[in-house]
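Colleague: Hello! I am new to this structure and would like to learn how to read it step by step. Could we look at it together?

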Amino acid sequence: MKSENAPRFRAGTDHVESWFVRANDPARPRALWLKATVLVRADGTSVAEAWCSVFDGDRAAAFRETIPLGDATFGADGSSTVGPVSLDLEADGGRT
């Protein structure tokens, strides 16, 4: 069954699409944000990016890893793996 979170990109088009998971602490100014992004290009030079951002009051740290789109996986169920970031986004929950 195809999930509402399933990717919509198609080869041969120009398209950007992202999936996010945010964990914000309601009691303190800190958070962890994860993101998987695809940058599909009609010329075939498509990539996927894994992002991680961490915030703690006055400090922030982030990383981004870019890989060829063919090295990432995207499932019709809304799951994705881009480098070190793995997201399973389901209607009744999920995991990272």
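Colleague: What pattern does the protein chain follow when read along the sequence?

Modeller: Happy to help, and please keep in mind that this is a predicted model. The way in is to list the secondary-structure elements in order. Here the protein chain reads β-β-β-β-β-β-β-β. That comes to 8 strands and 0 helices.

Colleague: What are the overall dimensions of the box that the C-alpha atoms fill?

Modeller: Along the principal axes, the box is roughly 45 × 30 × 20 Å. The accessible surface of the protein chain is about 6300 Å², and carbon and sulfur atoms hold 52% of that. Of the 96 residues, 32% are buried.

Colleague: Now the strands. How many bridges join β1 to β2, and in which sense do they run?

Modeller: For a strand pair, look at the direction and then count the bridges. Strand β2 covers residues 30–40, and 10 bridges link β1 with β2 in the antiparallel sense. The link between β1 and β2 is a hairpin of 5 residues.

Colleague: Which residue of β2 stands opposite glutamate 17?

Modeller: That is valine 38. Glutamate 17 itself belongs to strand β1.

Colleague: Is glutamate 17 buried or exposed?

Modeller: With a relative accessible area of 10%, glutamate 17 is buried, because anything under 20% counts as buried. To see what surrounds a residue, list its contacts beyond the close sequence neighbours. Leaving aside residues within four places in sequence, glutamate 17 is in contact with Ala6, Pro7, Arg8, Phe9, Ala36, Thr37 and Val38. The side chain of glutamate 17 also has a polar contact of 3.0 Å with the side chain of histidine 15.

Colleague: How do β3 and β4 pair?

Modeller: Strand β3 (residues 47–56) and strand β4 (residues 59–68) are antiparallel, with 10 bridges between them. One pair to find on screen is alanine 48 with its bridge partner in β4, isoleucine 67. The hairpin of β3 and β4 has 2 residues between the strands, and glycine 57 there takes a positive phi near 65°.

Colleague: How do side chains point along a strand?

Modeller: In a regular strand, side chains alternate between the two faces of the sheet. With that idea in mind, we can pick one residue and look around it. Cysteine 52 is in strand β3 and is buried, at a relative accessible area of 14%.

Colleague: Which residues is cysteine 52 in contact with, leaving aside its neighbours within four places in sequence?

Modeller: They are Leu32, Trp33, Leu34, Ala61, Ala62 and Phe63. You can also measure across the fold yourself: cysteine 52 and arginine 22 are 30 residues apart along the chain, with 9.9 Å between their C-alpha atoms.

Colleague: Let us turn to the rings. How many aromatic pairs does the structure hold?

Modeller: There are 2 aromatic pairs. For each pair, check the distance between centres and the angle between planes. Tryptophan 19 and phenylalanine 74 form a tilted pair, 5.3 Å centre to centre with 35° between the planes.

Colleague: Why does that pair tie together parts that are apart in sequence?

Modeller: Tryptophan 19 is in strand β1 (residues 15–24) and phenylalanine 74 is in strand β5 (residues 73–74), so the pair ties together parts 55 residues apart in sequence. Tryptophan 19 is buried at 7% relative accessible area, while phenylalanine 74 is partly exposed at 21%.

Colleague: Where does the charged end of lysine 35 sit?

Modeller: The charged end of lysine 35 sits over the ring of tryptophan 51, at 4.6 Å from the ring centre.

Colleague: What about the serines? Where does serine 46 lie?

Modeller: Serine 46 is in the loop between β2 and β3, and at 16% relative accessible area serine 46 is buried. Its side chain reaches the backbone nitrogen of arginine 41 at 2.9 Å.

Colleague: And in which strand does serine 80 lie?

Modeller: Serine 80 is in strand β6 (residues 79–82), where serine 80 counts as buried at 4% relative accessibility. Not counting residues up to four places away in sequence, serine 80 touches Ala36, Thr73, Phe74, Val85, Ser86 and Leu87.

Key:
Residues are numbered from 1 along each chain as its sequence is written. This is a predicted model: local features need pLDDT of at least 70, side-chain atom pairs count only at pLDDT 80 or more; totals for chains, interfaces and linings use all residues. Side-chain values use heavy atoms; hydrogens and water are left out. Rings of Phe, Tyr and Trp (its six-membered ring) pair if their centres lie within 6.5 Å; planes under 30 degrees apart count as stacked, over 60 as edge-to-face and the rest as tilted. Helices (H or I, at least four residues) and strands (E, at least two) are DSSP runs, numbered from the N terminus. Buried means under 20% relative accessible area, exposed over 50%, partly exposed in between (1.4 Å probe, protein chains only). A charge sits over a ring if NZ of Lys or CZ of Arg is within 6 Å of the ring centre and within 35 degrees of the ring normal. Two strands pair if DSSP finds at least two bridges between them. Contact means heavy atoms within 4.5 Å. Accessible areas come from the Shrake-Rupley method with a 1.4 Å probe; for residues, only the protein chains shown count as cover. A polar contact is a pair of N or O atoms within 3.5 Å; within protein, one must be able to donate a hydrogen and the other to accept it, and residues adjacent in sequence count only if both atoms are side-chain atoms.
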